[in-house]
Amino acid sequence: RLLLAWIAEFPKAVLALVEDKGLFVFLTQSAISAADSCHVQGLCAMLIGAIALYYPEEAPAGAQYKKSDVFDHLVRKLGFDQFSLKWRAIRQAPEFQSHGISGHPCLYDDHFVDFLEGLYQKVDAHVQKQISDPTMLMQMDAGAAPLKLGDSQLQQTLEVT
């Protein structure tokens, strides 16, 4: 929750967040792991989506990634279908649906639910726009630079699962 709010309220923070080169590996492993709860999977997927949404179009000199690298990670490594499925799984969880109902166990308050709903809509719209942009797809298809560190580790993880 803290990282999602930090990025959404201060988008420049996304650059600080991705300084950790193993972040995408950790988030992707957590998002696709069958051992994690739908809440962990969904929130990790949502964080990847928020990173893709708020990552600057023109990354500053010395930045780890280009925008196309981050988008490629969301669409190809995690998979936008999986991103959407993880979101739906959270929304269907009783702990999510019972927000705002006193006396019922829940993990989310009304404010955070509204925040997540809005963030999902923004990420979805952003991805749809990027997918319809032929220049973004050409960058990805033309061999845009892969994620620098952890990509082989991520590929091994994806092959195992």
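L3 is found in helix α1, which covers residues 2-9 of this predicted model. At a relative accessibility of 36%, L3 is partly exposed. Together with W6 and F10, L3 forms a nonpolar patch on the surface. The accessible area of the three residues adds up to about 290 Å².

The structure also contains aromatic contacts, 7 pairs in total. A pair of rings is described by the distance of the centres and the angle of the planes. For F83 and Y120, the centres are 5.6 Å apart and the planes meet at 15°. Planes under 30 degrees apart count as stacked, so the F83 and Y120 pair is stacked. F83 belongs to helix α5 (residues 67-92). Y120 belongs to helix α7 (residues 110-132). The pair therefore ties together parts that are 37 residues apart in sequence. Both partners are buried: F83 has a relative accessible area of 1%, and Y120 has one of 11%.

A further stacked pair is formed by F112 and F115. Here the centre-to-centre distance is 5.8 Å, with 20° between the planes. Both residues lie in helix α7, 3 residues apart, and about one helical turn separates them. An α-helix has 3.6 residues a turn, so residues three or four places apart point the same way. F112 is buried, with 4% relative accessibility. F112, F115, F83 and Y120 are among the members of one aromatic cluster. The cluster also includes F80, W87, F96 and Y108.

Helix α7 itself has 23 residues. From its first C-alpha to its last, α7 reaches 33 Å. This is close to the 33 Å expected at 1.5 Å a residue. At the start of α7, a side-chain oxygen of D109 comes to within 3.2 Å of the backbone nitrogen of H111. The buried residues of α7 include the aromatic F112 and Y120. V113, L116, L119, V123 and V127 are also buried in α7. So too are H126 and Q130.

K122 is likewise found in helix α7. Its relative accessibility is 48%, and K122 counts as partly exposed. The cut-off for exposed is over 50%. The C-alpha atom of K122 is separated from that of G49 by 9.2 Å. Along the chain, K122 and G49 are 73 residues apart.

Key
Residues numbered from 1 in each chain as written. Predicted model: local features only at pLDDT ≥ 70, side-chain atom pairs only at ≥ 80, totals over all residues. Heavy atoms only, no water. Phe/Tyr/Trp six-rings, centres within 6.5 Å; stacked < 30°, edge-to-face > 60°. Helix = DSSP H or I, 4+ residues; strand = E, 2+ residues; numbered from the N terminus. Buried < 20%, exposed > 50% of the residue type's maximum accessible area, 1.4 Å probe, protein only. Expected span 1.5 Å × (residues − 1). Polar contact = N/O pair within 3.5 Å; in protein donor to acceptor, adjacent residues only side chain to side chain. Patch = residues over 30% accessible without salt bridge, like charges linked within 9 Å, V, L, I, M, F, W, Y side chains within 5 Å. Areas by Shrake-Rupley, 256 points an atom, 1.4 Å probe, with all protein chains shown as cover. Salt bridge = Lys/Arg side-chain N within 4 Å of Asp/Glu carboxyl O.
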